[in-house]
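This briefing is intended for a reader who is meeting the structure for the first time. Please consult the sequence and the structure shown here while reading.

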Amino acid sequence: MKPRIYYTKPSITELEVEYATDAARNGWGDRCYEYIHLFEEAFKSHLGVQYAIATSSCTGALHMGMAALGIGVGDEVIMADTNWIATAAPIVHLGAKPIFVDILPDSWCIDPDLAEAAITPRTKAIVAVHLYGNLCDMNRLLAIGEKYDIPVIEDAAEAIGSVYHGKRAGSMGKFGSFSFHGTKTLTTGEGGMFVTNDADLYETVLTLSNHGRARDQTKQFWADMVGFKYKMSNIQAAIGYGQMQRIDELVNRKREILKFYKDYLECLDGVSMNPEPEGTIIGGWMPTVVFDKQTGVTREQLQSLFKSENIDARVFFHPLSSLPIFEDQEVNVNSWNIPTRSINLPSYHDLNDDIERVVDVIRKTIS
């Protein structure tokens, strides 16, 4: 059997190991938050935002941010139907209802016109998820948010390295959230980041992140509100701090892999990939191939072919409205159709000659 090609894995060097070892050996007592603060400072500097809070996950960052905005029982939050459930889960946990709208056929991100049409008096936020590192139409979404006085939240879990007209993904909305899961371009194993330019929102989320204990509270073990426990550990942050020192290298390699795929696959009839509109830079986290309907290519075909070649390839996210827990929602045409003829391609940083094996599978499929 041919050697296994994994769809993704992290890039960890001796630098990250050195920092993690130091955190494990010495990061206690007065140094227990040292790498957390270093990581937060490096991240907000890279992103160009004023505030950053390292969290245990992107889901935790979303949960606290939404809670700080006062989203709760009976409220509605608009988001794209095509997403991982991690974006919808905090909405449900807060007692609100996710309202799923369709995606655009080219970027696979939320359709702004449909998002605006879905606004009701109960709407408390719009979530812009930069799917697979592709970028939402932020100018349009932010204009809608301003028009209706509704905050736009950026879920940039998959979009480290993506830039929208000079602004980094995650830096434009009321707040942004990132994931550092082991599959992501930048990893801490598990982990995330909350970012914002809103000082008041930052203070509220900071308090929520520490069991509701405000940082200016002088009483020991005194909680000012019921909060959460979504902190990142110092050891995880040490790995993240090392990764931040390599961030350009990590993103550039992802972009190189995406470019290779696009150069060899977009010339094929009936094949399209992650778009990069003028004025944008796509971080390239997850190169994805979408086949036109007329090709007749199906997700099941693709899974079978890749499996026969011992290559891991992820399916395109199922529409959330297809899950039994959300089945009362309307069927969104693009969100339901595109995943049936698409596949995510392997894209780990040290993927070299094996990338040609992946390309050959797509070529065989289309022929």
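The points below proceed from the whole chain to individual residues.

The model is a predicted one. Its protein chain contains 12 helices and 13 strands. The radius of gyration is 21 Å, close to the 21 Å that the globule rule gives for 367 residues, so the chain is as compact as a globular protein of that length.

**Overall form and surface**

- Along its principal axes, the C-alpha trace of the protein chain spans about 70 × 55 × 35 Å.
- Of the 367 residues in the protein chain, 55% are buried.
- Where contacts link residues at least 6 apart in sequence, 70% of these contacts join residues at least 24 apart.
- The protein chain has an accessible surface of about 16,000 Å², and carbon and sulfur atoms account for 51% of this surface.
- There are 34 positive and 48 negative side chains in the protein chain, and the centres of the two sets lie 3 Å apart.

**Cysteines**

- The number of disulfides is 0, where a disulfide requires two cysteine sulfur atoms within 2.5 Å.
- Cys 109 takes part in no disulfide: the nearest cysteine sulfur belongs to Cys 136 and is 4.0 Å away, whereas the cut-off is 2.5 Å.
- Cys 109 counts as buried because its relative accessibility is 1%, and the limit for a buried residue is under 20%.
- Cys 32, with a relative accessible area of 27%, is partly exposed.

**Residues with positive phi**

- Most residues other than glycine have a negative phi.
- Trp 108 has a positive phi, near 65°, and is not a glycine.
- Trp 108 is located in the loop between β3 (97–101) and α5 (112–117), and its relative accessible area of 2% makes this residue buried.
- Asp 149, also a residue other than glycine, has a positive phi of about 55°.
- The loop between α6 (138–148) and β5 (152–155) holds Asp 149, which is exposed at a relative accessible area of 70%.
- Gly 95, which follows α4, has a positive phi near 90°.

**The surroundings of Asn 134**

- Asn 134 belongs to the loop between β4 (123–129) and α6.
- With a relative accessibility of 0%, Asn 134 counts as buried.
- Apart from its neighbours within four places in sequence, Asn 134 is in contact with Ser 107, Trp 108, Cys 109, Asn 274, Pro 275 and Ile 282.
- Among these contacts are two residues described above: Trp 108 and Cys 109. Trp 108 is buried, and Cys 109 is buried as well.
- Tyr 164 is 30 residues from Asn 134 along the chain, and the C-alpha atoms of these two residues are separated by 9.9 Å.

**Helix α4 and its packing**

- Helix α4 comprises residues 85–93, and its buried residues are Thr 87, Ala 88, Ala 89, Pro 90 and Ile 91.
- These buried residues pack against one helix, α3 (58–68), and against the strands β2 (76–80), β3, β4 and β5.
- Two of these strands also border loops discussed above: β3 precedes the loop of Trp 108, and β4 precedes the loop of Asn 134.

How values were computed:
Residues are numbered from 1 along each chain as its sequence is written. This is a predicted model: local features need pLDDT of at least 70, side-chain atom pairs count only at pLDDT 80 or more; totals for chains, interfaces and linings use all residues. Side-chain values use heavy atoms; hydrogens and water are left out. Buried means under 20% relative accessible area, exposed over 50%, partly exposed in between (1.4 Å probe, protein chains only). Helices (H or I, at least four residues) and strands (E, at least two) are DSSP runs, numbered from the N terminus. The radius of gyration is taken over C-alpha atoms; the globule rule is 2.2 Å times the number of residues to the power 0.38. Contact means heavy atoms within 4.5 Å. Accessible areas come from the Shrake-Rupley method with a 1.4 Å probe; for residues, only the protein chains shown count as cover. Lys and Arg count as positive and Asp and Glu as negative; His and the chain ends are not counted. The place of a charge is taken as NZ of Lys, CZ of Arg, CG of Asp or CD of Glu.
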